[in-house]
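Reader: I would like a close look at one single part of this model. Please show me how its buried side meets the rest of the chain.

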Amino acid sequence: MFPRSGVQLKTIPYLGELPRWLNLALRVSEDSTHDQFKMGCVIVKSGSILALAANHHQWGRHCEKRALSRIDNAEGSTIYVMRANRRISKPCFRCLLLLKEKQIRKAVYINRLGQIEECRV
Ligand SMILES: [Zn+2]
């Protein structure tokens with residue numbers, strides 16, 4: 001759950017092909033050097049990629065944080081987060097706080113039921 005009240009969730013059953021940006025995030029996640037959490041993300045605004053990054057093996061090098069460090073202004077953007085094994089890819093609590101701080105509008109990821117979940121930040 002987002003660390004904030006008034007969260008809006010939109011859950012879509014995950015059947016068949018992934019939507020475009022989640023598919024790109026999936027490919028980015030395959031470059032992750034983290035054994036357990038091979039994660040990748042793409043930050044998109046108005047149909048353009050602002051940044052993308054994969055998890056680094058060192059603790060604290062989460063893909064969301066790495067991607068955000070590469071851009072000056074993420075306001076109003078959407079972040080798509082995927083995990084290489086296509087399991088749960090929800091951003092961790094600390095990253096969710098960071099997304100909020102950076103004024104990212106929406107996060108899209110795979111929830112624990114294997115569904116695509118959209119969450120307004
Ligand atoms: Zn994180």
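Author: The buried residues of helix 3 pack against three elements: helix 2 (63–68), strand 4 (78–83) and strand 5 (106–110). Keep in mind that this is a predicted model. Helix 3 itself covers residues 93–101, and its buried residues are Cys95, Leu96 and Leu99. Viewed down the axis of helix 3, they fall within an arc of 105°, so they line one face. Why does such spacing work? An α-helix has 3.6 residues a turn, so residues three or four places apart point the same way. The other side of helix 3 holds Phe93 and Glu101, which are exposed. Just after helix 3 comes Gln103, with a positive phi of about 65°.

Now set helix 1 beside this picture. Helix 1 runs over residues 20–29, with Trp21, Leu22, Ala25, Leu26, Val28 and Ser29 buried. These cover an arc of only 160° around the axis, which puts them on the same side of helix 1. Their cover includes strand 2 (39–45), strand 3 (48–54), strand 4, strand 5 and strand 6 (116–120).

Both helices feed the largest nonpolar core. Helix 1 and helix 3 are among the elements that give two or more residues to this core. The core has 32 residues, and Ala25, Cys41, Val42, Tyr80, Val81 and Ala107 touch the most other members. Take Val42. Leaving out residues up to four places away in sequence, Val42 touches Trp21, Leu24, Ala25, Val28, Ile49, Leu52 and Tyr80.

Notes. Residues are numbered from 1 along each chain as its sequence is written. This is a predicted model: local features need pLDDT of at least 70, side-chain atom pairs count only at pLDDT 80 or more; totals for chains, interfaces and linings use all residues. A residue is buried if 20 or more other C-beta atoms lie within 10 Å of its own, exposed if 12 or fewer, and partly exposed in between; C-beta atoms are placed from the backbone. Helices (H or I, at least four residues) and strands (E, at least two) are DSSP runs, numbered from the N terminus. The arc is that of the directions from the helix axis to the C-beta atoms. Two residues are in contact if their C-beta atoms, placed from the backbone, lie within 7 Å. A nonpolar core is a set of buried Ala, Val, Leu, Ile, Met, Phe, Trp, Tyr and Cys residues joined through C-beta atoms within 7 Å.
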